[in-house]
Amino acid sequence: MTEWTEFARCQILRPHHLLSVTPSAPIRMSQVRVRFAPSPTGFFHIGSARTALFNWLYARHTGGKFILRIEDTDQARNSEEFLRLIYDSLTWLGLDWDEGPEPSGSGDRGSCGPYRQSQRGAIYEEYKRKLLDAGRAYEKDGAIWFRLLGERYEAYDDHRKKTVTKVRNEKVVIDDRIRGRVERVEDEDFVIFRSDGNPVFHFVNVVDDITMQVTHIIRGEDHLSNTSKHVLLYAGFGAQPPAFAHIPLILKSPEMGQGKMSKRDQGALVEEYRQRHFLPEALVNYLALLGWNPGDDREKMPIAEIIRLFDLPGVNQSNARFDAKKLANMNMTYLLELPPDRFVALAQDYLRAHPAGAAARAQPGYFREVMLLAQPKIKGIEELPAYTAYFFTEDYAVDAKVKDKVMAKGEPKARLGELLAALPTLDFASDAAIEEGIKQLAAGRGLGFGDYQAVTRLAVTGTNAGPSLTAILRVLGAPRVQARLERFLAGA
RNA sequence: GCCCCUAUCGUCUAGCGGCUAGGACAGGAGAUUCUCAUUCUUCAAACCGGGGUUCGAUUCCCCGUGGGGGCACCA
């Protein structure tokens, strides 16, 4: 019996954990199992989100399992807050995991747990033992090193400025599903347990992927150089390595500078989009297009379609630059198509989180009407407060520039006076009725609707941009319109 | 310094030996709607360089160059 088949079920491997979890059906060897393995040491990065997304898409495309593993071995930098953020961000994006910790903190889902590395110490000890017993690891300076096979020699390392022991070693061949055949020489023993007793990333990563039966490792290209170490570790354990797929990195946009996107870059954090009330489906759609395409010209696609079309060979090999404008455009197109109920709920949520005076306290029916007037006009939710301010207060600002421009043309004050006088006879029942009324008023003087439009809009909204004037008048209602016109005329 | 990956409009990309090199975002100019936004039309915009292979290279190979990543008792 090889090690590999021994690992066929996590239950066999780790019988003592069977006590705390419900045994699941045996894992079919043919089933795709992918994992996303973030460490809770910082905010949730857009690059991490895309790595999670590609893994999730592949799992959903193949009918496999998406595993969430928390790499929290760095006690110094871990925080429960960041862990929470991982759960919340994935959930917000709609990337549900089949196995992994329960966000509630009440145990795990899946039978290959625990899924937090901080709880897997016993497993790492067990695997360290295997290597030690097999002579593939040794102790030096209090740390445990993985032993490479081959002839040793001394060499000066120019980067580290010291002499190191090298090993003459065969090239490690990585058959990458995205990059093809990649060869790399690993020619130094490396630490797998630090002298403080803690295992290092390479070790826990491989042990976890073996014990969690991961079949495909989809991760950022920054890990490509690590992969030779990982392949060697797999061999050291007598395990067959999974398929690797290294996806391109997300780089800063040209305005942001050079290099890969870092957490300090504007727009790099998923949290930011959540706070700005971007639509998660828009962000997901945009992210999917960064490094992948469906093979034709389509860009806006429902998630089911992305799942259907997504596959590893379709992933690009070169890095992609982040484009905030394209994301914003994607978000707008999703916003325009959002069902009214969802838009109103989103608006409510946003205005509650971003105090906008009376808007949050408005009557639900009135609030809804105003928001639905704004929906087809705005490019992002954050425009909402300014765009709808005058609906919720009589103390709205008047744009001086717009005023200068509008008042300079024709006889705006006369038009306003005429409209004010006609107001009592104007039918506010519908947009069409209001339009008809103003047109009649205009026609009587040989004028058109346009002669009243700009100045009336200025008077009742203080600006020149907004929903159709007739809709504004109708929603505001005759009394408020009258008050605003009177006040404006008095001030002008 | 060494190792690995990579290279089509400003950006995301299509192209898988023969194309007027296509689409999208952003930008310019128009049109439409009562303003604005949307929408529509339209313009400008790219095969990094040099060698090969081939009847023919954006496409295949090599070398440069550019870009990116990695070289820890970080993950």
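Which residues in α12 meet which residues in α13? I opened my notes with this pair of helices, keeping in mind that the structure is a predicted model.

**Entry 1: α12 and α13**

I looked up the contact and found P340, D341, F343, V344, A347, Q348 and L351 on the side of α12, meeting F367, R368, M371 and L372 in α13. Sorting these residues by class, I noted 8 nonpolar, 1 polar and 2 charged in the contact of α12 with α13. I then turned to the geometry, since two packed helices are described by the angle between their axes and the distance between the axes. For helix α12, residues 340-353, the axis lies 10 Å from that of α13, and the packing angle is about 105 degrees. An angle from 65 to 115 degrees counts as roughly perpendicular, and I therefore wrote down α12 and α13 as roughly perpendicular to each other.

**Entry 2: α13 and α14**

Next I followed helix α13, residues 364-374, to helix α14, residues 384-392, and found that their axes come within 10 Å and cross at roughly 135 degrees. That angle makes α13 oblique to α14, and I recorded the crossing in which α13 passes α14 as right-handed. On α13 the contact is made by Y366, F367, V370, M371, L373 and A374, while α14 brings L384, Y387, T388, F391 and F392 to it. When I divided the residues of this contact by class, I counted 10 nonpolar and 1 polar, with no charged residue. I also noticed that F367 and M371 of α13, listed here in the contact with α14, are listed in the contact with α12 as well.

**Entry 3: around RNA strand B**

I then asked how many residues surround RNA strand B. The number is 63, and the closest are R179, R194, E299, K377 and N464. By class I found 19 nonpolar, 22 polar and 22 charged residues in the surface near the strand. Of the atoms of RNA strand B within 4 Å of the protein, 69% belong to sugar or phosphate, and the rest belong to bases.

I picked out three individual pairs of atoms. A polar side-chain atom of N319 lies 2.8 Å from a sugar or linking oxygen of the strand, and a polar backbone atom of R321 is 2.8 Å from a phosphate oxygen of RNA strand B. For R457, I found a polar side-chain atom 3.1 Å from a base nitrogen of the strand. Among the elements that give two or more residues to this surface are β15 (320-321), α11 (324-336) and α18 (450-461), and the largest share, 4 residues, comes from α11.

**Entry 4: two backbone details**

Last, I checked the backbone, and found that G113 and P114 are joined by a cis peptide bond, with omega about 0 degrees. I located P114 in the loop between β4 (108-109) and α5 (121-133). K161, a residue other than glycine, has a positive phi, near 60 degrees, and I placed K161 in the loop between β7 (152-157) and β8 (162-167).

Notes. Residues numbered from 1 in each chain as written. Chains lettered and ligands numbered in written order. Predicted model: local features only at pLDDT ≥ 70, side-chain atom pairs only at ≥ 80, totals over all residues. Heavy atoms only, no water. Near = heavy atom within 4 Å. Polar contact = N/O pair within 3.5 Å; in protein donor to acceptor, adjacent residues only side chain to side chain. Nonpolar A, V, L, I, M, F, W, Y, C, P; charged D, E, K, R; others polar. Axes fitted to C-alpha atoms, helices over the stretch in contact; angles between N-to-C directions. Parallel < 35°, antiparallel > 145°, perpendicular 65-115°, else oblique. Left-handed = near helix turned anticlockwise from the far one by under 90°. Contact = heavy atoms within 4.5 Å.
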